[in-house]
Amino acid sequence: WGEGGHFQAAPFDSEALDKGAVVFEEPLQKEAHDRSLVKIESIVPGDVQEAINILKQHPAYFTENDIKVALHDFERHFNNHESDVHYFVIRNPEGHIIAIGGYGRESLVPDVYFIGWFAVDKELQRTGIGGQMLEKIEDELKDKARMLVIRTEEKGDNDPTALFYKKHGYQKTGIVPDYWGDGYHLTFWVKRLRPSVEIEKE
């Protein structure tokens with residue numbers, strides 16, 4: 001968010017990060033893809049244009065300014081300026097990118113991570129690809145993240161995006177009214193990757 005003690009996800013522009021976490025696919029309604037036929041790999045410089053094209057398929061979520069921020073974040077990944085910033089792509093059997101996803105570490109709470117720049121090819125949503133990418137991110141973070149946080153726009157508990165989060169074990173933990181503008185509310189979805197620890201209070 002901002003400075004002055006408020007939370008800020010170091011590897012991401014906060015507004016773009018929020019938007020970058022909302023293009024998840026709906027629960028399975030199409031024929032599921034064969035996981036053995038696709039590859040999940042770390043993004044490399046030659047992937048950038050295809051990855052950006054995936055984001056551009058979703059103009060309701062990613063503005064031109066968001067695209068510029070995404071390019072900047074990819075550069076940070078390539079240059080390893082932030083050891084806890086990472087992006088992945090999923091490739092189809094022909095080698096084309098069909099999904100993008102990544103994570104960044106919260107600067108003030110080192111074992112909390114945010115998901116960002118997460119999108120699936122529009123023609124392949126509802127086939128399980130988004131879930132496969134999410135599982136990859138969680139697996140990468142299982143030994144260092146206490147929890148994962150997703151920030152997105154509130155659209156009701158029956159919205160396909162909300163159903164997707166619930167299916168993968170995320171819980172809605174709070175809403176900030178009018179965060180995006182009047183009538184557009186911010187929602188937090190959280191999943192613990194490690195169980196909570198009982199703390200004795202004096």
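With a relative accessibility of 0%, F74 counts as buried, a class that here means under 20% relative accessible area, as against exposed at over 50% and partly exposed in between (1.4 Å probe, protein chains only). Y87 is likewise counted as buried, at 0% relative accessibility. The structure is a predicted model, in which local features need a pLDDT of at least 70 and side-chain atom pairs count only at pLDDT 80 or more, whereas totals for chains, interfaces and linings use all residues. Residues are numbered from 1 along each chain as its sequence is written, and side-chain values use heavy atoms, with hydrogens and water left out.

The chain contains five helices and seven strands, assigned as DSSP runs (H or I of at least four residues for helices, E of at least two for strands) and numbered from the N terminus. Along the sequence these elements follow the pattern α-β-α-α-β-β-β-α-β-α-β-β. Of the 202 residues in the chain, 46% are buried. Among contacts (heavy atoms within 4.5 Å) between residues at least 6 apart in sequence, 70% join residues at least 24 apart.

Six aromatic pairs are found in the structure, where rings of Phe, Tyr and Trp (its six-membered ring) pair if their centres lie within 6.5 Å, and where planes under 30 degrees apart count as stacked, over 60 as edge-to-face and the rest as tilted. One of these is the edge-to-face pair of F74 and Y87, with 5.1 Å from centre to centre and 80 degrees between the planes. Because F74 belongs to helix α3 (residues 64–79) and Y87 to strand β2 (residues 85–91), this pair ties together parts that are 13 residues apart in sequence. F164 and Y165 also form an edge-to-face pair, at 6.3 Å centre to centre and 70 degrees between the planes, and both of these residues are buried. In addition, ring pairs link F88, Y103 and Y113 into a cluster.

F74 also takes part in the packing of helix α3 against helix α2 (residues 48–56), since the contact is made by V48, A51, I52, L55 and K56 of α2 and by I67, A70, L71, F74 and F78 of α3. The axes of the two helices, which are lines fitted to C-alpha atoms over the stretch in contact, come within 11 Å and cross at roughly 145 degrees, with angles running from 0 to 180 degrees between N-to-C directions. The crossing of α2 and α3 is right-handed, the near helix being turned clockwise from the far one by less than a right angle, whereas an anticlockwise turn would make a crossing left-handed. By class, the contact of α2 with α3 has nine nonpolar, no polar and one charged residues, with Ala, Val, Leu, Ile, Met, Phe, Trp, Tyr, Cys and Pro counted as nonpolar, Asp, Glu, Lys and Arg as charged, and the others, Gly among them, as polar.

A search of the whole structure finds nine salt bridges, each defined as a side-chain nitrogen of Lys or Arg within 4 Å of a carboxyl oxygen of Asp or Glu. Among them is the bridge between D73 and R76, whose closest N and O atoms are 3.7 Å apart; both residues lie in helix α3, three residues apart, about one turn of the helix, and both are buried. D111 and R146 form a salt bridge with the closest N and O atoms 2.9 Å apart. This pair links distant parts of the chain, 35 residues apart, with D111 in the loop between β3 (97–105) and β4 (112–120) and R146 in the loop between α4 (129–141) and β5 (147–153). R146 is partly exposed, at a relative accessible area of 23%. The side chains of K191 and E138 meet in a further salt bridge (3.0 Å, N to O), which links distant parts of the chain 53 residues apart, K191 lying in strand β7 (residues 184–192) and E138 in helix α4. Both K191 and E138 are buried. Finally, E41, D47 and R91 are linked in a network of salt bridges.
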